[in-house]
Amino acid sequence: MPGDVVTMDKIVALCKRRGFVFPSSEIYGGLGSTYDYGHYGVLLKQNVKGEWWRAMVQDRDDIVALDSAILQHPKVWEASGHLAGFTDPLVDCRTCTQRFRADHLGDLQCPRKPSKPPGQGPDCDLTDARDFNLMFETHVGPVKESASVAYLRPETAQGIFINFKNVLSFARKKPPFGIAQVGKSFRNEITPGNFVFRTREFEQMEMEFFVPPGEAQQWFEYWQQARYDWYVELGIRPDHLVLRAHEADELSHYSSGTSDIEYRFPIGWSELEGVANRGDFDLKAHAEHSGEKLEYFDQATGERYVPHVIEPAAGADRAALAFLVDAYDEEEVAGEQRTVLRLHPRLAPVKAAVLPLVRKDGQPEIAREIVAALRPILAVEYDEGGSIGKRYRRQDEIGTPWGITVDHQTLEDRTVTLRDRDSLAQERLAIDELPGVLARRLAAPWRSPKLGAA
Ligand code: ATP
């Protein structure tokens, strides 16, 4: 896109340089497609999940929280269809011994002849496609035998369905109501890649919304819009976000309608989140396999029914990546190049940096006093290392929206300069005003400066 300077390589380099994300097991040469989050990456992803919880639970009274176990009874995956159907078709090449997704061959490269897709190089010798289950298998207990097989969950959703009855009896809710969960999921992806976009271990943010069957379509539409709006309110540029309805031949076995929210990553338009109308498939399947009744009895009307389910399913890592990509910017300021993350202030890992101009004359002491006053209300960082320009650049690169500089005047009149990350405007404020001003700015609606003036 013209004017958009971001590339995946620049994001990976910035993440490494500023300690957001590191390749995992690096001292042992790394383990393909696994990553570790460093300090700022943890804070960013925590803020993404925090905003999701806020939208799902804190701002409403019809959704409750759940945290189910990663290891579940193997029958869960039989009932959900994952044991039989959670597969990708794979082909092996007998010449280079590499394995490829049969349905992605056109997008892949032959390792021996990279200008050609696998199967089209001069020596390629592909097997027929075979189904490969994406679930990680493990064993529960000390003995490795078939009776002890368990799976790492490939999605968090099934943990919600199997707790439907528990939640219904404790939460005092009736349909329409939802159960929300955030947690790790695992898939033995064959072609992971593109940094944290597709990994084998990742975090999902999923919510199952249980509704009377006659209301399913209306809630399906509601959640598509609500989830699209969530990304836009958190600063994603609307021209980089699209809702795409699945074609009939793309639909999963359980779904009567699915729309993907796609983001325009540097790798092209790709799924950020799926919103699916799952009908009564899940509750019926678990009722059948477990022998438990999973339905709702409305005492007022005497009606008994199996609720239908609308599911918005997002990835925390993918969302964090999209926010990083959308925020990344470069510009020239006073003849110098700067890289800046124009993150929504609520997503920024650090909200304010307090910087004494010099490391003497009582400036560090006042700066520490300001840090102590701000710490109870927002994430703040004290930084006295290096020139002021260098410190600003460091904060710009991690997306800190406000810089508070203590200088010689501060000691005379207890005022500081407040620097805005995006406009670079500097204003003089009394120290006592800082908590109120910053709290108000943090709560205010925000628009990406990359969109230009409104
Ligand atoms: P894809 O088509 O990209 O494989 P999916 O349709 O299988 O994704 P869902 O099962 O709908 O994905 O999972 C919901 C969300 O979980 C996805 O939109 C994505 O954000 C996230 N997600 C799924 N697989 C991965 C992965 N391997 N790595 C990171 N995030 C993932």
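The following paragraphs describe the overall architecture, nonpolar cores, helix packing, sheet and salt bridges of a predicted model.

The predicted protein has 13 helices and 23 strands, and its C-alpha atoms fill a box of roughly 75 × 70 × 50 Å along the principal axes. Of the 454 residues in the protein, 50% are buried. Among contacts with a separation of 6 or more, 65% are accounted for by residues 24 or more positions apart.

The largest nonpolar core holds 54 residues, of which Ile11, Phe20, Met205, Trp223, Tyr231, Leu321 and Phe323 touch the most other members. Helix 9, spanning residues 316–327, supplies the largest share of this core, with nine residues. A second core, separate from the largest one, comprises 21 residues, including Trp402, Val416, Ile431 and Leu438. The surroundings of Met205 illustrate how segments distant in sequence are brought into contact: when neighbours within four places in sequence are left aside, this residue is in contact with Val48, Lys49 and Trp52, with Gln181 and Val182, with Trp230, and with a run made up of Pro312, Ala313, Ala314, Gly315, Ala316 and Ala319.

Helix 2 and helix 9 pack against each other, and their residues meet through Leu44, Lys45, Val48 and Lys49 on the helix 2 side and Ala316, Asp317, Ala319, Ala320, Phe323 and Leu324 on the helix 9 side. The axes of the two helices come within 9 Å and cross at roughly 110°. Because angles of 65 to 115 degrees are counted as roughly perpendicular, helix 2 and helix 9 are therefore described as roughly perpendicular to each other.

An open sheet of five strands is arranged in the order 20-19-21-22-23, with mixed pairing. Strand 20 (380–382) and strand 23 (426–430) stand at the edges of this sheet and have a single partner strand each, so that one side of each is left without a neighbour in the sheet. From one strand to the next, the twist averages 25°. Strand 19, formed by residues 352–356, pairs with strand 20 in the parallel sense over three bridges, and Ala352 has Val380 of strand 20 as its bridge partner. Five of the five residues of strand 19 are buried, so this strand is largely enclosed by the rest of the structure. In a regular strand, side chains alternate between the two faces of the sheet. Both faces of strand 19 are covered, with Ala352, Val354 and Pro356 buried on one side and Ala353 and Leu355 buried on the other. Helix 11 (residues 388–398) lies across strand 19, strand 20, strand 21 (402–406), strand 22 (415–420) and strand 23, and runs at about 170° to strand 19.

Side chains of opposite charge can pair when their charged atoms come close, and a search of the whole structure finds 43 salt bridges. In one of these, the side chains of Glu203 and Lys45 meet with an N to O distance of 2.5 Å. Glu203 lies in strand 10 (residues 201–211) and Lys45 in helix 2 (residues 39–58), so the pair ties together parts that are 158 residues apart in sequence. Both Glu203 and Lys45 are buried.

A further salt bridge involving helix 2 is formed by Glu51 and Arg346, whose closest N and O atoms are 3.0 Å apart. Because Glu51 lies in helix 2 whereas Arg346 lies in the loop between strand 18 (336–341) and strand 19, this pair ties together parts that are 295 residues apart in sequence. Glu51, at 6% relative accessibility, counts as buried, whereas Arg346, at 22%, counts as partly exposed.

The side chains of Asp260 and Arg244 likewise meet in a salt bridge, at 3.7 Å from N to O. This pair links Asp260 in strand 12 (residues 257–265) with Arg244 in strand 11 (residues 241–245), 16 residues apart. With a relative accessibility of 5%, Asp260 counts as buried, while Arg244, with 29%, counts as partly exposed. Beyond these individual pairs, a network of salt bridges links Asp329, Glu331, Arg338, Arg342, Asp396, Arg419, Arg421 and Asp422.

Conventions: Residues numbered from 1 in each chain as written. Predicted model: local features only at pLDDT ≥ 70, side-chain atom pairs only at ≥ 80, totals over all residues. Heavy atoms only, no water. Core = buried A, V, L, I, M, F, W, Y, C linked by side-chain atoms within 4.5 Å. Buried < 20%, exposed > 50% of the residue type's maximum accessible area, 1.4 Å probe, protein only. Helix = DSSP H or I, 4+ residues; strand = E, 2+ residues; numbered from the N terminus. Contact = heavy atoms within 4.5 Å. Pairing = 2+ DSSP bridges. Axes fitted to C-alpha atoms, helices over the stretch in contact; angles between N-to-C directions. Salt bridge = Lys/Arg side-chain N within 4 Å of Asp/Glu carboxyl O. Parallel < 35°, antiparallel > 145°, perpendicular 65-115°, else oblique.
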